Amino acid sequence: MYVCTDCGNLFSQPGWSKGKEFCPACGSRNFIEAVYCKLCHEYYIPAADELWEYTEYCPDCVNSAEEQLREAILQLVDPDYIDLLRSEYDDLDYIMSGGTKKEQTKSEG
Ligand SMILES: [Zn+2]
Ligand SMILES: [Zn+2]
């Protein structure tokens, strides 16, 4: 599947004319391969600066997973243990403080 970055149209077969492929909806040649999220079964558009690092999960699902993990931990784990875990695990601290995988990847360069 492809997605047009100009109009957002999702299509399986680009138009073809005079040796050029184009979006069937708007005629733009700015389209990229859409990525299929294996959790919500929707296609999504990887951000332009993340084409090389997209995952099998869309940003919405990643955000929901992080949010659920945070809430679950806060309900199930004693606050004293959370403090302990924070001092022992960088990643946990990052997630618990509201950070996202995306931000973490960026901050690591
Ligand atoms: Zn288009
Ligand atoms: Zn998804």
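Student: Is lysine 38 buried or exposed?
Tutor: This is a predicted model. Lysine 38 lies in the loop between β6 (35-36) and β7 (43-44). A residue counts as exposed with 12 or fewer other C-beta atoms within 10 Å. Lysine 38 has 11 C-beta neighbours inside 10 Å, so it is exposed.

Student: Which residues does lysine 38 touch, leaving out those up to four places away in sequence?
Tutor: Start with glutamate 56, which is 18 residues from lysine 38 along the chain. Their C-alpha atoms are separated by 6.1 Å. With residues up to four places away left out, the contacts of lysine 38 are Glu56 and Tyr57.

Student: In which loop is histidine 41, and what is its phi?
Tutor: Histidine 41 is placed in the loop between β6 and β7. Histidine 41 counts as exposed because it has 8 C-beta neighbours inside 10 Å. It is not a glycine, yet its phi is positive, at about 60°.

Student: What phi does lysine 18 have, and where is lysine 18?
Tutor: Lysine 18 sits in the loop between β3 (15-17) and β4 (20-22). It has 5 C-beta neighbours inside 10 Å, so lysine 18 is exposed. Lysine 18 is not a glycine, but its phi is positive, at about 50°.

Student: What is the order of the strands in the open sheet?
Tutor: The sheet has three strands, and the pairing is antiparallel. Its edge strands are β2 (10-11) and β5 (31-33), each pairing on one side only. The order is β2-β1-β5.

Student: Which residue in β5 stands opposite tyrosine 2?
Tutor: Strand β1 covers residues 2-4. Three bridges join β1 to β5, and the two run antiparallel. Opposite tyrosine 2 in β5 stands glutamate 33.

Student: Which residues make up the largest nonpolar core?
Tutor: In soluble globular proteins, nonpolar side chains tend to be buried together. Here, 6% of the 109 residues of the protein count as buried. The largest nonpolar core holds five residues: Val3, Cys4, Cys23, Phe31 and Ile45.

Student: What does cysteine 4 touch, not counting residues up to four places away in sequence?
Tutor: Cysteine 4 belongs to the largest nonpolar core, as do Cys23 and Phe31. Cys23 and Phe31 are also among its contacts. The full list is Asn9, Cys23, Ala25, Cys26, Ser28, Asn30 and Phe31.

Student: What pattern does the protein follow along the sequence?
Tutor: The secondary structure comes to four helices and seven strands. Read along the sequence, the pattern is β-β-β-β-β-β-β-α-α-α-α.

Notes:
Residues numbered from 1 in each chain as written. Chains lettered and ligands numbered in written order. Predicted model: local features only at pLDDT ≥ 70, side-chain atom pairs only at ≥ 80, totals over all residues. Core = buried A, V, L, I, M, F, W, Y, C linked by C-beta atoms within 7 Å. Buried ≥ 20, exposed ≤ 12 C-beta atoms within 10 Å, placed from the backbone. Contact = placed C-beta atoms within 7 Å. Pairing = 2+ DSSP bridges.
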